[in-house]
Amino acid sequence: MKKPKIVVIGAGSASFGLSVLGSLLREPGLRGSTLGLVDLNAEGLKQVAALAERLNREWDAGFTVQSSTDRRDLLPDADFVVLSIAVDREKCWQSDYDIALKHGILHYAENGGPGGFIHAARNIAVVMDIFRDMERLCPDAWLVNFTNPMARICTAVHRHTKLRAIGICHQLAFGYMMLGNLLSKDLDIPVPDGYRFVWRDREALAQEKVIAGAAMEKVDVVAAGTNHFTWMLRIREKGSGRDLYPLVMERAATHDPGFEPLTKEMARIYGVFPVPGDCHMVEYLPYTHNTRRGGWEHYDVQMYPLDGAVTDRDVMWERIEAMASGRMSIESMEHVHSERAEKVIAAIATGEPLYEQALNLPNEGQIANLPEGAIVETPAVVGAGGPRGVAVGALPDAVAELVRRQITVVQLAVDAAVLGDRQLALQALALDPMVDDPRVAQALLDDYLAANKTYLPQFGG
């Protein structure tokens with residue numbers, strides 16, 4: 001069996017670099033493969049490549065490791081391309097926030113809302129060139145995408161290229177963390193008293209993964225929707241198969257009022273429990289962004305700390321340099337959190353079937369009442385022929401309508417970003433649930449394009 005060639009573009013990614021690198025080199029099904037590492041940061045790439053060589057050597061993984069700052073050196077004959085990039089992330093997100101606030105809209109947005117539009121436009125300006133190179137140099141390769149906004153990047157692939165894409169996101173784990181809290185006493189899941197998720201609390205961040213892992217051992221969830229906007233359709237106890245949904249809703253009604261309050265309010269109103277938690281739910285709903293109504297403060301929305309991300313990146317590069325040079329043990333890399341790319345790639349490469357709880361794929365009947373071809377996130381089975389989404393039925397009518405609107409916004413925004421079409425961009429912003437005045441939509445578009453002109457050649461920047 002031919003061993004695959006895997007090219008990682010964005011090998012120094014602050015969010016996924018180390019986890020993807022360590023997981024690929026640890027995966028038994030990929031032993032003997034070729035790993036190509038690409039990053040524009042030449043010095044950083046040198047360190048990442050040195051670390052990969054050390055891991056490969058000390059783990060006896062049998063890989064051939066290559067690296068280049070020019071992806072065209074490594075893309076020829078690639079079987080898989082793992083993509084994880086961002087354009088001046090924290091600097092641009094702060095600008096996106098400031099512009100939205102100027103027009104009376106309060107939100108930090110990675111994937112939805114007005115900020116989601118301009119974030120996608122910046123990244124699409126970069127990734128479309130990558131996709132064109134893939135179409136020319138490795139047209140049969142699978143694109144394994146981690147770049148956000150996930151639904152918009154995968155939509156760009158599906159609507160504007162001939163490539164095959166698989167989107168992977170770990171947000172379902174946050175849903176498990178919430179279930180672990182709600183069912184802690186019922187299922188004997190250890191949770192610290194009064195636990196709440198807070199981005200700036202390092203201990204809370206660490207506990208999130210622990211609680212989620214414990215819940216995954218005892219609970220099985222089937223969730224569906226679009227990325228960062230999925231909903232739990234079934235919640236069952238592993239082993240017994242007991243339906244836990246009634247208990248989850250009962251516990252949510254009496255749980256700590258300060259624990260993910262918007263999520264619990266949505267569950268109460270719509271009758272199904274959302275997966276992503278308050279910090280991502282706010283990107284798709286019209287309920288918290290208005291600065292005059294105080295919804296953000298009422299629900300105490302906890303958002304991603306931009307300054308903390310910069311510090312984390314500095315720490316990550318210090319770790320990479322220390323491990324690459326041999327000054328630090330690589331033991332921690334044996335236990336690094338997996339983003340599951342290696343499992344999906346190994347299943348396709350070896351033909352060993354794999355069930356994944358959440359993959360982003362075109363809708364081919366997975367969700368009965370969402371548009372055909374739209375990028376949806378559902379369970380999937382992966383094998384030699386690639387991933388096939390699992391049919392989960394229909395979303396509840398009201399939830400389906402919320403999700404359908406996002407799908408339309410996403411498709412308009414993606415077409416606008418790929419084609420440089422200002423009219424489509426205006427339509428995407430005017431249709432967004434956060435925008436309640438067409439004058440605001442036009443002002444947002446004008447300000448976003450002006451502030452980002454150096455990133456947006458497709459709009460004449």
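**View 1. Glu356 of β10 has Ala380 as its bridge partner in β11.** Strand β10 covers residues 354-362, and strand β11 covers residues 375-383. The two run antiparallel and share 7 bridges; strands pair here if DSSP finds at least two bridges between them. Strand β10 is also joined to strand β6 (residues 164-168), again antiparallel, by 2 bridges. Look for Ile168 there: its partner in β10 is Leu359. Helices (H or I, at least four residues) and strands (E, at least two) are DSSP runs, numbered from the N terminus.

A quick note for every view: this is a predicted model, where local features need pLDDT of at least 70 and side-chain atom pairs count only at pLDDT 80 or more, while totals for chains, interfaces and linings use all residues. Residues are numbered from 1 along each chain as its sequence is written, and side-chain values use heavy atoms, with hydrogens and water left out.

**View 2. Phe229, Trp231, Tyr270 and Tyr284 make up one aromatic cluster.** Searching the whole structure turns up 4 aromatic pairs (ring centres within 6.5 Å, using the six-membered ring of Trp). Phe229 and Tyr284 are stacked (planes under 30 degrees apart), with 4.9 Å centre to centre and 25° between the planes. Phe229 sits in strand β8 (residues 229-237) and Tyr284 in the loop between α11 and α12, so this pair ties together parts 55 residues apart in sequence. Both Phe229 and Tyr284 are buried (under 20% relative accessible area, 1.4 Å probe, protein chains only).

Trp231 and Tyr270 are edge-to-face (planes over 60 degrees apart), with centres 6.3 Å apart and planes at 85°. Trp231 is in β8 and Tyr270 in helix α10 (residues 261-270), so that pair links parts 39 residues apart in sequence. Trp231 is buried, at 0% relative accessible area, whereas Tyr270, at 22%, is partly exposed (between the buried limit of 20% and the exposed limit of 50%).

**View 3. Arg164 lies over the face of Trp142.** The distance to the ring centre is 4.0 Å. Elsewhere, the charged end of Arg89 sits over the ring of Trp93, 5.4 Å from its centre. Sitting over a ring means NZ of Lys or CZ of Arg within 6 Å of the ring centre and within 35 degrees of the ring normal.

**View 4. Helices α6 and α8 cross at roughly 80°.** Their axes come within 7 Å, and α6 is roughly perpendicular to α8 (65 to 115 degrees). Residues of α6 including Phe174, Tyr176 and Met177 meet residues of α8, among them Glu208, Ile211 and Met216; contact means heavy atoms within 4.5 Å.

Note on methods. Axes fitted to C-alpha atoms, helices over the stretch in contact; angles between N-to-C directions. Parallel < 35°, antiparallel > 145°, perpendicular 65-115°, else oblique.
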